Amino acid sequence: MAKVGVSRVSGYSGGGLMIKCEHPQYKTKPKYICKEPDGCSERKNPGVWDEWRENGDVSLYDDTRAGVLMVFFRELKAADAGTYRCGVNVSLYTEIFNELQLNVKHDAKYPMHVNKTAYLGEVIITCQIPEEHKVHFCKEDHNHTCQNISSSKVTPMYGSSERNEERVFTVSISNVSVRDAGVYWCGAETRDTYMTFISLTTKIQLNLIMPPVVRHEGESAEIICPYDSIYNSKPKSLCKGKCSTRDRNTLSETVREEKETKTDRLTLNDNVTASVFTGTITGLTAEDAGKYWCAVTLERDLNYLYTHLMVIMNEELNLTKYEGDDVSIQCKHHDEDQKSFCKAHEASMCVKDGDSLETIRDDRFSFSDEASTGVFTVNITDLREEDSGIYWCGAHFITKVNLTVKKDFSMIIIISVCVILLLIGGFTLTVWKLKHKRRGDAHTHLPTIPSDGLLHAAVSFQKHEESLSDAAVRFSKEEIHSEYTTVIYHMRLN
């Protein structure tokens with residue numbers, strides 16, 4: 001028995017860990033992994049040629065084409081830490097192994113669990129990994145192992161460092177179809193001389209949905225369900241609400257061959273050529289609104305795709321208010337868990353990630369609920385002009401609310417009149433002060449102490465055409481005669 005190397009690897013408690021023990025020179029020789037000091041000679045876990053085999057929480061795969069033993073810890077535990085041998089039986093008496101020292105870390109951040117809901121087409125997934133290593137992206141299969149995805153389908157995008165020890169990384173998956181729903185993992189890949197390690201730290205549950213179907217009350221709605229062509233011969237069903245085996249609310253089910261099934265207002269058609277089955281509901285009512293599942297019946301029901309049917313009530317609510325006012329809007333609902341008040345141009349914009357959402361984030365908005373009446377009330381205080389717009393209230397069956405908030409012009413007029421009056425008053429006061437000042441200046445030029453004798457004063461009045469209100473007055477002791485008249489002033493002595 002010969003040891004050819006020693007490797008060290010760390011994983012996170014609750015996360016996954018893929019170990020690849022490489023023996024390319026012994027491709028078809030049996031390979032194994034065992035943990036010391038339990039006695040590797042007695043408790044070796046051999047891999048099965050070219051297929052996965054489960055052994056508790058560990059899966060093993062002996063790849064005879066590459067000469068690699070793949071060991072996958074699906075959920076690391078503290079008890080998994082320790083020293084391992086990853087070896088190959090070269091002959092009956094000869095073994096070669098690599099020593100592996102596994103450390104299991106406990107970190108509240110890892111593994112991260114993310115729920116991602118997206119429409120068919122292209123999906124962007126964001127991962128966070130703890131180290132600056134090559135990013136590994138894989139998808140769990142039915143054996144609960146994580147298989148790498150073809151590079152033609154996945155486009156990695158550059159990551160950004162949040163801190164020195166963490167990195168945010170995004171992955172784009174193109175041409176997403178119904179078979180791409182499931183569990184994905186992001187992790188950091190490291191490599192040494194004899195082994196490759198993939199520590200999986202971010203678990204992503206990818207749910208695929210179809211765009212919401214939005215129709216008005218009384219109209220017809222088509223729920224189109226694409227499926228994988230491998231299910232052409234399987235029965236399909238359309239369920240509302242829950243669609244599990246136990247809580248199933250099956251509306252209709254097709255037979256294995258292409259055929260139409262009709263019950264009451266629902267018609268179901270299965271087009272195996274296009275791998276699509278369609279449910280058509282006529283005469284929509286509020287009770288028809290809700291979440292619908294497209295299911296294919298296998299050994300058990302497979303609920304792999306769903307959509308939301310939104311029914312807009314014909315009766316709209318039109319409200320006109322003024323800035324500063326308060327308003328209360330009553331919304332109906334059938335489901336206690338499905339209440340929504342959303343501002344958007346289209347009702348379909350109020351559904352995101354498979355759930356109705358409240359896009360309003362403002363302290364002026366509050367909610368009150370009367371569960372027994374099936375009504376909840378939205379209260380908006382201190383209305384502003386920017387609050388005007390289209391709102392949708394309810395849940396899957398919704399009411400359109402047109403809210404118009406106007407400026408209060410009566411207050412603007414009052415304020416404007418007050419300002420004008422203040423301006424007029426100020427102007428009048430200024431003019432009065434100027435006139436009073438001019439009169440005072442004129443009096444300061446008159447004689448204040450008369451002489452004791454006879455005083456002759458000549459007064460000359462000159463008229464100017466350009467100024468009819470002002471007169472120039474001249475006083476002179478030397479002049480005896482006036483141009484117009486002579487004024488004689490006599491002072492009587494006592």
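**Notebook: strand pairing and backbone geometry**

I began with strand S8 (residues 82–89) and strand S9 (residues 95–105), and I found them paired in the antiparallel sense over eight bridges. I note here that the model I am reading is a predicted one. Looking up a single bridge of this pairing, I found that Asn89 has Glu95, in S9, as its bridge partner.

I then looked up the sheet to which these strands belong, and recorded an open sheet of five strands with mixed pairing, in the order S1-S9-S8-S3-S4. Strand S1 (2–12) and strand S4 (45–46) stand at its edges with a single partner strand each, so each has one side left without a neighbour in the sheet.

Next I turned to the peptide bonds, where I noted that Tyr110 and Pro111 are joined by a cis bond with omega of about -5°. I placed Pro111 in the loop that runs between S9 and strand S10 (112–119).

My last entries concern positive phi. Asn175, although not a glycine, has a positive phi of about 50°, and I located this residue in strand S15 (residues 166–176). Ser275 is likewise not a glycine and has a positive phi of about 55°, but I found Ser275 in the loop between strand S23 (266–271) and strand S24 (276–281).

Which of the two is buried and which is exposed? Asn175 is exposed, since I read a relative accessible area of 63% for this residue and the cut-off for exposed is over 50%. Ser275 counts as buried, because its relative accessibility is 10% and the cut-off for buried is under 20%.

Technical notes
Residues are numbered from 1 along each chain as its sequence is written. This is a predicted model: local features need pLDDT of at least 70, side-chain atom pairs count only at pLDDT 80 or more; totals for chains, interfaces and linings use all residues. Side-chain values use heavy atoms; hydrogens and water are left out. Two strands pair if DSSP finds at least two bridges between them. Helices (H or I, at least four residues) and strands (E, at least two) are DSSP runs, numbered from the N terminus. Buried means under 20% relative accessible area, exposed over 50%, partly exposed in between (1.4 Å probe, protein chains only).
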